[in-house]
Structures are given as C-alpha cells and as structure tokens.
Amino acid sequence: MSGAAGKESVISTLIVEDDPVLADAHAEFVARVPGFAAAGIAHLGAEALRLVATRQVDLLLLDVNLPDMTGIELCRTLRAHGNQVDVIAVTSARDLATVRAAVSLGVVQYLLKPFAFATFQEKLRAYAEFRRRAAQAPDLLAQDDVDRALAALHDASTQTALPKGLTEATLASVVALLRSHDQLSAGQIAPQVGISVQTARRYLDYLAAQRLALRAPRYGGAGRPEQVYRWSSP
C-alpha cells in the first residue's frame, strides 16, 4: 500500500482509462463511493506515470489495454521505481496469463467490464476495509492479522455484477454482436442470441446505462422510432 489510512482519510484514486466516456463514468462512480475521491484521469500510461510521480495517489483504477503500453507494463514500471501504489485492474481482459501477471505485480482487485455500480462500489468498499484493517494492525503482524487484512479484499460478493435475470454468458453474446456491427436493435439481436426482444432490450439498456453502448432512435415508417445501439468502448 502507498501509505497508512485512518478511518476518516480520503482515498485518492487515479482513473487510468483511454476511453473518455468510460473514464468520466468511472470518475463519477468514484465520487459516489464515500471515502474516495478522484485524483485525476489519465488516458495514457505515460500520463499516469507522470501523475503518480507528481501528486498523492493511493489507488489506481487501471485499464489493462492502453494505447501506449499495457497496464501490466505500467505496473512493472511503477514497481521498478519502488512505487507501491495499490492497483485495481478495470478491464475486459480475461485470459489467465494477464490475470496471473496482474496478481504477481500486486494488483489487489480485478474488476471485469462490463460491471454495474453495485459491483464497483463493493470492490472499493472492500479495498477501503483492507486499508483500515492493515492500518490498525501492529507493526509486527501475526498470522491472524495478515488473514484479517487480506480477507477484506475477498469479502465483497461478485455475484451482484448484473441485474437480476441477466447472465454473463448472454451479456457476452450481446456484446460480441454489438462489437461486430455498426448498430443493432433489440429485434435484430434477439433471434441471434436466442432470447426475446424484451430481454434483448434489457441487456442493451444495461450496457447503455454502463456507458458501454450508445442508444439512439432510428426513424423510418409509421409509429414510434426504433431504438438502435452501438458499442462505444474499444
């Protein structure tokens, strides 16, 4: 950790995300969690390194895929310079090699896109509890002290990632379709995924609420305009 944190201290959090829409959304999420404050936004790895070196940063919300370097490379650079700032990886990368590399570099949490605010909040609360327990532990830690501090990072449930009735498997199928087309409607997605139009709309509206998809009306013909969606994240 980058320093001791008392119960009332604010955790200064730097958002490292190349997508401007997602970066702003994550900054808004941080502002909604008590005890956290955004220290800034970096869209490049080099920019993140500069900000960490010039201002107080307790925590990085780090995208693994950046234009100028990977998040893993950024972490290696920080550790090589003796900077032990804590890192929560915020990414769509799910391959085992990336996860192992992140863990080996001291990434304390791994948050997979797309995610709901509830999951984001639980991750940050768990991290804050980890800092609190570590700060209260004696200088020489017993096994129980170590176990209690680390347990805080895993107490938060990861089952609140999606609203009730939505599944990660179906969400992944919807995301894959959006990524491969300029724009799609719920009616176009539903038969390809094997779900109802109403259910498809729920998935699409969820992605739009997370700012991972953009929603717009498509006019043509009589009646109300059809809502179409397009993927807005790299």
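Accessible areas are obtained here by the Shrake-Rupley method with a 1.4 Å probe. On that basis, the protein chain of this predicted model exposes about 11900 Å², of which carbon and sulfur atoms supply 52%. The chain has 234 residues, and 45% of them are buried. Its secondary structure consists of 9 helices and 8 strands. Among contacts with a separation of 6 or more, 61% join residues 24 or more positions apart.

Helix α8, residues 186-193, offers a detailed view of the packing. Its residues A186, I189 and A190 are buried. Seen down the axis of α8, the buried residues fall within an arc of 105°, so they line one face of the helix. The general geometry of helices is relevant here: an α-helix has 3.6 residues a turn, so residues three or four places apart point the same way. The buried residues of α8 pack against α7 (168-179), β6 (184-185), α9 and β8 (226-231).

One of these partners, α9, spans residues 197-209. Two packed helices are described by the angle between their axes and the distance between the axes. The axes of α8 and α9 come within 8 Å and cross at roughly 110°. Angles of 65 to 115 degrees count as roughly perpendicular, and α8 and α9 are therefore roughly perpendicular to each other. On the α8 side, A186, G187, I189 and A190 make the contact, while α9 contributes V197, A200, R201 and L204. By class, this contact comprises 6 nonpolar residues, 1 polar and 1 charged.

Just after α8, the residue G194 adopts a positive phi of about 85°.

Definitions and conventions:
Residues are numbered from 1 along each chain as its sequence is written. This is a predicted model: local features need pLDDT of at least 70, side-chain atom pairs count only at pLDDT 80 or more; totals for chains, interfaces and linings use all residues. Side-chain values use heavy atoms; hydrogens and water are left out. Axes are lines fitted to C-alpha atoms, for helices over the stretch in contact, and angles run from 0 to 180 degrees between N-to-C directions. Helices (H or I, at least four residues) and strands (E, at least two) are DSSP runs, numbered from the N terminus. Angles under 35 degrees count as roughly parallel, over 145 as roughly antiparallel, 65 to 115 as roughly perpendicular and the rest as oblique. Contact means heavy atoms within 4.5 Å. Ala, Val, Leu, Ile, Met, Phe, Trp, Tyr, Cys and Pro count as nonpolar, Asp, Glu, Lys and Arg as charged, and the others, Gly among them, as polar. Buried means under 20% relative accessible area, exposed over 50%, partly exposed in between (1.4 Å probe, protein chains only). The arc is that of the directions from the helix axis to the C-beta atoms.
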